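Dear colleague,

I am passing on the structure below, and after it I set out what came up when its aromatic residues were examined. Please have it open while you read.

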Amino acid sequence: MMSSQDNKTELEQRDEDEQTSAASEDNRQGADLGNNEVKSRAVVKYSAAPPPSTYALLQEKTDLKLPPANWLRENAQLGPAGTTVLGSSRKSKPFSSFGMAYDFIDCIGDDVDVVSDSENIKKLLKIPYSKSHVSMAVHRVGGTLLLDDLDIQELFMRSSQTGDWTWLKEFYQRLIDQKWQRKKKSKEHWNEKAILSKFLYYSINSNGVPVTSDTDQTAGDGCGTGSDGPSWPATFTNSSSASEEPAIPKEEQVDTYDFGHVSSIPKEQNLPTLFNEGENSQGLKNDFVRNILWTFEDIHMLVGSNMPIFGGGRYPAVSLRLRDNNKPINVLTGIDYWLDNLMCNVPELVMCFHVNGIVQKYEMIKTEDIPDLENSRFSTRVVKDIAQNILSFLKSNCTKEGHTYWLFKASGSDIVKLYDLTTLCEEAAEEKCQNPFKLPVAVLLYKVASNMILKKSQNGKNYGTIRTLLLNCIKLLDEERHPQIIASAHYMLAELFQLDDVNEEVSDGESLKGGGSEDSYSDEDEEEEDDEDDGCSYSTSSKPQDDSKAVAIIKSVGELSVPEKYKSTHQIRPNYSFPVSQDKEEKCRLVLSYVLKGLKAVDSSIKKESDLPAADPTTPIPLKYEERSQTGAGDVEKEIALLLDRVGPCNEELTVPTRSGMIPGTWQHRVKQQLFLKASKAYYILSDAASNLMKYGRALRYIKLALQCHDAYCSISGGLHPQVLLFHCQCLSLCGDVQLMLAQNASNRAAYLEEYNYQTKDDQEILHCLHRESSCQAFSMATDLATDLEYQLIISRKCYEAAHDLLASGVLKDLGQEQLGQVLKRLGNIRNEMGVFYMNQAAAMQTEKEGERRSVCVAEQELWKKSFSCFEKGMQNFQAISDSVNTSLLLCNIGRLMRICAQAHCVVTSERSRGEFSPEEALYYNKAIEYYQKALKSLGCRDSHPAVWDSVNWELSTTYFTLATLLQDYAPLSRKAQEQIEREVTETMMKSLRYCDLQTESARQPLYQYRAATIHHRLASMYHSCYRNQVGDESIRKQHKAQAEQHYSKAVRLFVNLSDAPCELLRTLLERVAFAEFTMAGQNSNAVKLKTLTGALETMRETRHAFKLIHKELMEQEEKVILTLEDSDKPAEVQGSDGSSSSELNTEEVVKLMGVFEPSFSFLLLQMMKLSTASKRKLSVKEEEQVKAYKNVYSRLLRADKSVPLIQRVSLYLELLDQLNPPTGSEETKSTS
């Protein structure tokens, strides 16, 4: 008896030798065949047949009705052809294209236009020549069409048993207007099949011996009882039976995530069996002998063929055909033979002719000569046009992925119609409408998308295609029956958004390269010239057919022969746009929506056994806003320690079910892990984006959700991958950043609280999914919105410390070096912030008690210690990453802290006045100087960071200046001698002067100039005082005099260069004049006195520059008053007085200085007149004019009205100074330079 044979070999046994069965030594190169009118190239992707062996040339008169000895025995050369051509009129299996597509997933999408059995391809290309019916199912996957034979009669026979498809049966009966019926095949048909089978076995067995006629009878009986057609697969169910072969190849792996598609799951934990692996599902296997990538003109097809190929003849491969000598070859047969040889790259056809089973002769025909055979001539160019038109028609109208289209032509009809069965099914009223193609199509869409994701280098180009494939896959599946594919598909949709890539740009889908198909097999079913279909009878109705349901119609098959008839509507390479928004929040929200749907799919598949009550997704989960005080900060130490406990790496996998009842190691477990992690990443990106927008309340809410997702992930994970730990460190760092920003922007706390408490519906539902696995409280302390500033700073620091401890652990020691540096920098920064916070608190306490007689309290000292400790640890963090700039800034802050400590030790007397400069002040000021010097040393040179260098340099100069000023103004005479104090003041002032950068042009240059001028003025004043009070050693007095003159001169020169210090310039000049007057008082000779007076008067004349600056500012002030009067309705309220205050000019100080200027000026003029007239020698004319000028100025000065406005008095002084000695141009320049 006959038995079904399966010649499909294992995938591992494919090799280059087997692929030579297509008669090409280099299958990758293929060959061009034809009559130069068409281009054909065939590349064998896989072959299960051995290299072709030479066929046996049968002797004339051999009786093919007698079976050979080897008949119906398994033979690799024939494959299933020897048995199936005898057993049944085997048509294409209903899912044969899916079997090829599953095995050669790389080709699906854009590389290949059509995937189908070679018999279906031939049937399509013969439509204009044949009146036989055509019924095919068409599916679109990307740019690829999958074609399968759709046996309507078999479908309806099945529907009568199951009740399915009755809607299609009714629709079909209306369409055809006739009850369908199946026509039984004739006995002659079966006899021809048996003769062909025996001929093939004779051809591989040259010594074949016929057997008795009993065997023949047995074979005939077997033929007669063969099945009438392919058995239709039963409705796909979620069977739990073990499958012999996984629906998705096990060797495929997605290395970017644990479960990327179901193939990565071990067999025993694979998808619930998608298909029954028995006889009903054979069509889902790729059981062709060979799979060929056939390029016909510009059409790329992946075809499955079972045609036996032999060696012999003039070529390394030939096809063998048996013909009845009484029946001439017609056009249909010629096209059939020609296309078979083109697809299999066979260059020659060997024809064996017989009469009533008796061999007559052999004839050899080249493939390119087949179109020119007598009685079967056809144009290859027309066949090419038919192929292009059919493909264009199908691609233009089969536009919806996941839909099942039906291409139908009734027997004897010239009209070809295309229906969308998916739409018709959806429109049907019955509940039990099922499409058996749904699941295979969904799995194929899923596999193609998974394969594209595997190609990381092309991901960006295929995002649009992948997204379309996955969305269509999800639409086809029932969540209750296929939760794993749905959950995995939603995760892959979320993965399409590479949230780490800021400059993400996703292009349209482009074609994928490489790939092919595995094995498939199609019987050689000769189609004769009769117009009847093999097994079914269709007739057209005389009534007009209802075409309203058809998607598209070819009104006449003759149109298919017209070149490029449908070319204009044919888009061979469609693009799928991927909706990419540049808004991060929108992208993350989309990711989270996919994550939520994936989690729901997983949860729906878990049988809940615990008593945990189901959460209501409509009830918001509170985010626990709590008031935190300083007392609560101590609890952070304990609760924050939970962070490391939750994330510590562990090598042991979970062995007990999770909180939701999920079994570790199952697909639900792996999928949920990845979905939790993806959600955590999405919330992290949202938090980072909100932080950049300064929406810190929103940022804290998102980072809280991110850490809650991570907590749930940890609760279902026995051990954490180092990359997951690295991401967790990023979350902790960001949480620290947000808490720090909240602390620094405390004024907007109300707005931040509102942002923090807002929740979307998706967020609520994701939280409920998380709570099925974890309480999500491990990080609650770190993510609460507190009101206490110190608490927030502590939380921030603790987050950074936890991240640092993780990164410094052995697991991440090598992986997280870059991130460790960033965390150390953050740690240094937060410790600096905390140090500044405690330092400012200490300064505030000091300000509250200013002027009171008190000692340093314990609270102040504690704040100093905390501040110093924070600064010191922060320095260590920056030093660990060799950050000299920030190290110097922290040293600078410690210097400021030392100055605050010094100010706190200021002695206040009982009269609430400042006491002597204390030793404690000196100690702390000297410590401050030491830290500032370390800061400069840390920087090395100004070029390393000019701004920081200038800042530290300024602070160091200021500290020296302050120390010297306090020593000078509040000299500790009770402890030190005057001379020692003067020496220390001089040394300290000169050190301050050394750090005054007068050369570099910067914003601080005027400040440095003012500081230098002030130092010289103070030193001059000190030496002036020493000169006045010094008694005894004349050499020391002369030294003091010289030093006073020198410093007065430098001070005047520096003040003159400043346009905003007229009062300081005037004071310095007046002190210099007073110094000259004191010097003159000790002189005896009139000549010497006159010389000193002349110098003093010259100094007095230099005050003209100071008065000009004062006059200018008074004028500007007066203009402002006038403008104010013009704009005001109440002039009386804004009238200014003589001493109107000005932000730029201290008029009270000007009035005081003028009170010194007038008597000093009068005294000089009077003394000059006396000494000039007291001389015994006669005055020259010039000298007389000079004395006359002195008298005139002196007279006007005495008569001056002191009640006039200040600006008029200044104008008078300028006029008098000009009259005294009108300056020349050079002198004017000198005085104002």
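Please keep in mind that this is a predicted model, and let me begin with one residue, Tyr419, which is buried, with a relative accessible area of 0%. Trp406 is likewise buried, and its relative accessible area is 0%.

These two residues belong to a set of aromatic pairs, of which the count comes to 24. Trp406 and Tyr419 make a tilted pair, with 5.6 Å from centre to centre and 35° between the planes. Because Trp406 lies in strand 12 (residues 405-409) and Tyr419 in strand 13 (residues 416-420), the pair ties together parts that are 13 residues apart in sequence.

A further pair is formed by Phe837 and Tyr838, whose ring centres are 5.4 Å apart; with the planes at 65°, and the cut-off for this class being over 60 degrees, the pair is edge-to-face. Both residues count as buried, since the cut-off is under 20% relative accessible area: the value for Phe837 is 14%, and that for Tyr838 is 5%.

Elsewhere, one aromatic cluster is made up of Trp294, Phe296, Trp338 and Phe378.

Finally, there are charges that sit over rings. The charged end of Arg1011 is placed over the ring of Trp954, at 4.3 Å from the ring centre, while the charged end of Arg1037 is placed over the ring of Tyr1027, at 4.4 Å from the centre of that ring.

With best wishes

Technical notes. Residues numbered from 1 in each chain as written. Predicted model: local features only at pLDDT ≥ 70, side-chain atom pairs only at ≥ 80, totals over all residues. Heavy atoms only, no water. Phe/Tyr/Trp six-rings, centres within 6.5 Å; stacked < 30°, edge-to-face > 60°. Helix = DSSP H or I, 4+ residues; strand = E, 2+ residues; numbered from the N terminus. Buried < 20%, exposed > 50% of the residue type's maximum accessible area, 1.4 Å probe, protein only. Lys NZ or Arg CZ within 6 Å of the ring centre and 35° of its normal.
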